[in-house]
Amino acid sequence: MSAVVAAPQPLLRPMTGHDLTAVLKVESMAYDFPWTLPIFRDCLRVGCHCYVYESPQGIIGHGIMSVAVGECHILNICVHPDHQRRGLGEGMVLFLLDLARQKKARIALLEVRVSNAAAYHLYTKLGCPGWWSEMVAVGYEQARGLREKYQRPEGYSISKSKVLAAPLGRLFGAWQDARTRARWLKEPITIRKATRNKSLRITWADGKTSLEVLFYPKGPGKSQVVVQHSKLADARAAERMKQYWGGKLEGLKGILER
Ligand SMILES: CC(C)(COP(=O)(O)OP(=O)(O)OC[C@H]1O[C@@H](n2cnc3c(N)ncnc32)[C@H](O)[C@@H]1OP(=O)(O)O)[C@@H](O)C(=O)NCCC(=O)NCCS
């Protein structure tokens, strides 16, 4: 007689600085282009939600998420190749989404290349029920002509993002500080809420449409800005603003990387 013994479930716990050597090892085994030590350090430093799976053999996976202004961004999900396809990736995503929900997030940003079969499968599988179903519904309804491109229940919205070779604090300052901002953005804006190095909520120059600007660390001396412009009148206005923000973020890059 033989019996199959299931591997014990690893412990899911917060990551600390002491885990980073082991985390890097798993990262470099699972990814072709692994994150480097300074990126993980930055994530811990700026208060991202960083977790690891710990088994008796050591660290076998990690997950990293940032949450700001009603939105969570899953930045990294990684499982050691020897431990994949046991439900750990899915467990980590569900855990992080649950945490994000407790922190009042309503939208999840999940970055995945369609060519990444494992991650794509995982995210599309989890994308149906629950609270980030809107993202899926948009795709579904667009495909059937029920909604136009950029259309959301509350109006039209677009997003544009850029990674810049500038530290997070400088990038944030270039938005928040009116004098620096005037060098690349002439339109008058009203900042309604600022969370340092994380997010800005802004009323746009027209007094009607709204911006949410999110900031992320991307390693030493690098950072990312994501601009979401919502409540736009129609698809043409959305297309126009997408072009507009593309140009503005290029201008900002020119100033910060000079
Ligand atoms: C993506 C990743 C985290 C998935 O982790 P995992 O623990 O193997 O995933 P799970 O066991 O929870 O599987 C979740 C689903 O994905 C499917 N899946 C996992 N690996 C797959 C693969 N290589 N091809 C197709 N589907 C796959 C599983 O079958 C499961 O779906 P099912 O329940 O319908 O069968 C893991 O493959 C990994 O670390 N990849 C390298 C890093 C990466 O690309 N991370 C994601 C980008 S942020």
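Which elements cover the buried residues of helix 2? They include helix 1, strand 2, strand 3 and strand 10 (210–217). Keep in mind that this is a predicted model, and let's walk through it from there.

**Overall picture**

The protein chain has eight helices and 11 strands. Of its 258 residues, 30% count as buried. Take the contacts in the protein chain with a separation of 6 or more: residues 24 or more positions apart account for 59% of them.

The largest nonpolar core has 56 residues, and those with the most contacts inside it are Met-65, Ile-74, Ala-100, Ala-108 and Val-213. Domain 1 (11–138) and domain 2 (152–256) each put at least three residues into this core. If you want one spot to click on, try Ile-74: not counting residues up to four places away in sequence, Ile-74 touches Met-65, Val-93, Leu-96, Ala-108 and Leu-110.

**Helices 1 and 2**

Back to helix 2. Its buried residues are Phe-40, Asp-42 and Cys-43. They cover an arc of only 160 degrees around the axis, which puts them on the same side of helix 2. After helix 2 comes Gly-47, with a positive phi near 85 degrees.

Helix 1 (residues 20–30) has Val-23, Val-26 and Glu-27 as its buried residues. Looking down the axis of helix 1, you'd find these within an arc of 100 degrees, so they line one face of the helix. The cover over them includes helix 2 (37–45), strand 2 (49–55), strand 3 (58–68) and strand 4. Helix 1 is in turn among the elements covering the buried residues of helix 2.

Cys-78 ties into this part of the model. Cys-78 sits in strand 4 and touches Val-26, Glu-27, Ala-30, Tyr-31, Gly-61 and His-62, leaving aside its neighbours within four places in sequence. His-62 is 16 residues away from Cys-78 along the chain, yet their C-alpha atoms are separated by 5.3 Å. Is Cys-78 buried or exposed? Cys-78 is buried, because 26 other C-beta atoms lie within 10 Å.

**Around the ligand**

The ligand is surrounded by 21 residues, and the closest are Gln-84, Gly-89, Glu-90, Ala-118 and Ala-119. Strand 4 (71–79), helix 3 (88–102) and helix 4 (117–126) are the elements that give two or more residues to this shell. Helix 4 gives the most, with six residues.

**Helix 8**

Helix 8 (residues 235–256) has 22 residues and reaches 31 Å from its first C-alpha to its last, close to the 32 Å expected at 1.5 Å a residue. Its buried residues are Ala-238, Met-241, Trp-245, Leu-249 and Leu-252. Seen down the axis of helix 8, the buried residues fall within an arc of 75 degrees, so they line one face of the helix. They pack against strand 7 (155–164), helix 6 (168–176) and strand 11 (223–232). Turn to the face pointing away from that buried side and you'll meet the exposed residues Arg-236, Gln-243, Gly-247, Glu-250 and Gly-254.

**Three loop residues**

Ala-166 is in the loop between strand 7 and helix 6. Leaving aside neighbours within four places in sequence, Ala-166 is in contact with Leu-171, Gly-221, Ser-223, Leu-256 and Glu-257. Ala-166 and Pro-220 are 54 residues apart in sequence, and 8.6 Å apart in space from C-alpha to C-alpha.

The other two, Arg-85 and Asn-197, draw the eye through their backbone angles. Arg-85 isn't a glycine, although its phi is positive at about 65 degrees. Asn-197 also has a positive phi in a residue other than glycine, near 60 degrees. Arg-85 is found in the loop between strand 4 and helix 3, while Asn-197 lies in the loop between strand 8 (190–195) and strand 9 (199–203).

Here's how exposure works out for these loop residues.

| Residue | C-beta atoms of other residues within 10 Å | Exposure |
|---|---|---|
| Ala-166 | 22 C-beta atoms | buried |
| Asn-197 | 19 C-beta atoms | partly exposed |
| Arg-85 | 10 C-beta atoms | exposed |

Asn-197 stays out of the buried class because its 19 C-beta neighbours within 10 Å don't reach the cut-off of 20 or more.

Conventions: Residues numbered from 1 in each chain as written. Predicted model: local features only at pLDDT ≥ 70, side-chain atom pairs only at ≥ 80, totals over all residues. Core = buried A, V, L, I, M, F, W, Y, C linked by C-beta atoms within 7 Å. Buried ≥ 20, exposed ≤ 12 C-beta atoms within 10 Å, placed from the backbone. Domains from an automatic or database assignment. Contact = placed C-beta atoms within 7 Å. Helix = DSSP H or I, 4+ residues; strand = E, 2+ residues; numbered from the N terminus. Expected span 1.5 Å × (residues − 1). Arc of directions from axis to C-beta. Near = placed C-beta within 6 Å.
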